[in-house]
Amino acid sequence: MSAGQDSARASATRDLKPAPAARDHGGGLDAARARWGGTDWIDLSTGINPDPYPRPDLPDRAWTALPDRDAEAALEHAARVFWRVPPAAAILAAPGASALIAKLPALAPGGRVAIPGPTYNEHAAAFRAHGFALAGTAEARVLVHPNNPDGRLWSAADLTPFTVVDESFCDVTPDASLVAEAARPGVIVLKSFGKFWGLAGLRLGFAIGHPETLAPLAEALGPWPVSGPALAIGAAALSDPDWAARTRARLRSDAARLDALMALHGRPVGGTDLFRLYDVGDARALQDRLARHAIWSRIFPYSDSWLRLGLPPARGWDRLEAALA
């Protein structure tokens, strides 16, 4: 990261307010439609790839039969190869990373958790629901890597004896992944399928960690946690490295295009190639301006100046440029 980016982030951090207990998320287009009207909205409030993986034709069995072990094994093998998972680490597929986040606190030691923020708020909510207190130094730690919303990266030196590493957005920067550390007892790496592959509605996520660490989580999820269609589509997508390479190049180019488009409206604070974070001065005013063009963006309860934008689909660039003109 450049000195200029560090300076911009430090400046933006001074505008932060204490994060409230309430959980906020991207999405929520129904509320936007109710306020501003319109039906043809472009949702830039999430960091989901707008050009998703092409869904393959599925055999009837994927829909009509209970998922079998062969389908689960095919998905696990594809995930192990794609993410270069250490042989000693186990892979647990689940119906979305959120389902795993809700259950992970049951595996953690002690009654305190350190979650450097501001960051994705579901981790704190899940630990609070399990009776944990948030603390600067604690028995358990959660690192969102890259961080949402500012894109901060962590390293192996930041891991403690029990650390959850949320890599939901790390597939755009695979060389930064900490999955090589997942064979260590107490280190759990989360992967989200919906973000990079653009199929959030499929509900597929993964926990990667030492087999003994993940065993209680597998028991809690029960049999057949992942649907037949999700097993089949996930295995196909994770077995397609050429698509992944092309997609990373496109996302990198589109992220640079978005930064150039926003140059007159805000200072870049950080982000990833799936979403960009800007200090725009008055975030609510710019969100309102974009909403009048049926473009939905993300603002945060802890900052008056931060606005986050995902990447538009191909058809959305002209409208975004017009809204910002």
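**Exercise 1. Find which residue just after H6 takes a positive phi, then decide whether H6 is enclosed or open.**

*Step 1.* In this predicted model, Gly131 follows just after H6 and has a positive phi of about 85 degrees.

*Step 2.* Now turn to the helix itself, residues 122–129: 6 of its 8 residues are buried, so H6 is largely enclosed by the rest of the structure. Buried here means under 20% relative accessible area. The buried residues are Glu122, His123, Ala124, Ala125, Ala126 and Phe127.

*Step 3.* Look at what surrounds them: these buried residues pack against helix H5 and strands S3, S4, S5, S6 and S7.

**Exercise 2. Work out which strands stand at the edges of the sheet.**

*Step 1.* Write down the strand order of the open sheet: S2-S8-S7-S6-S5-S3-S4, with mixed pairing.

*Step 2.* S2 and S4 each have a single partner strand, so one side of each lacks a neighbour in the sheet.

*Step 3.* Check the S4 end: S3 and S4 run parallel and are joined by 2 bridges. Arg112 has Ala133 in S4 as its bridge partner.

*Step 4.* Add the helix H4, which packs on the sheet by touching S2, S7 and S8, its direction making about 120 degrees with that of S2.

**Exercise 3. Describe how H4 and H8 pack.**

*Step 1.* Their axes come within 8 Å and cross at roughly 30 degrees. Angles under 35 degrees count as roughly parallel, and H4 and H8 are therefore roughly parallel to each other.

*Step 2.* For handedness, H4 passes H8 in a left-handed crossing.

*Step 3.* Residues of H4, including Leu75 and Phe82, meet Leu231, Gly234, Ala235 and Leu238 in H8. The contact divides into 10 nonpolar, 1 polar and 1 charged residue.

Technical notes
Residues numbered from 1 in each chain as written. Predicted model: local features only at pLDDT ≥ 70, side-chain atom pairs only at ≥ 80, totals over all residues. Heavy atoms only, no water. Axes fitted to C-alpha atoms, helices over the stretch in contact; angles between N-to-C directions. Helix = DSSP H or I, 4+ residues; strand = E, 2+ residues; numbered from the N terminus. Parallel < 35°, antiparallel > 145°, perpendicular 65-115°, else oblique. Left-handed = near helix turned anticlockwise from the far one by under 90°. Contact = heavy atoms within 4.5 Å. Nonpolar A, V, L, I, M, F, W, Y, C, P; charged D, E, K, R; others polar. Buried < 20%, exposed > 50% of the residue type's maximum accessible area, 1.4 Å probe, protein only. Pairing = 2+ DSSP bridges.
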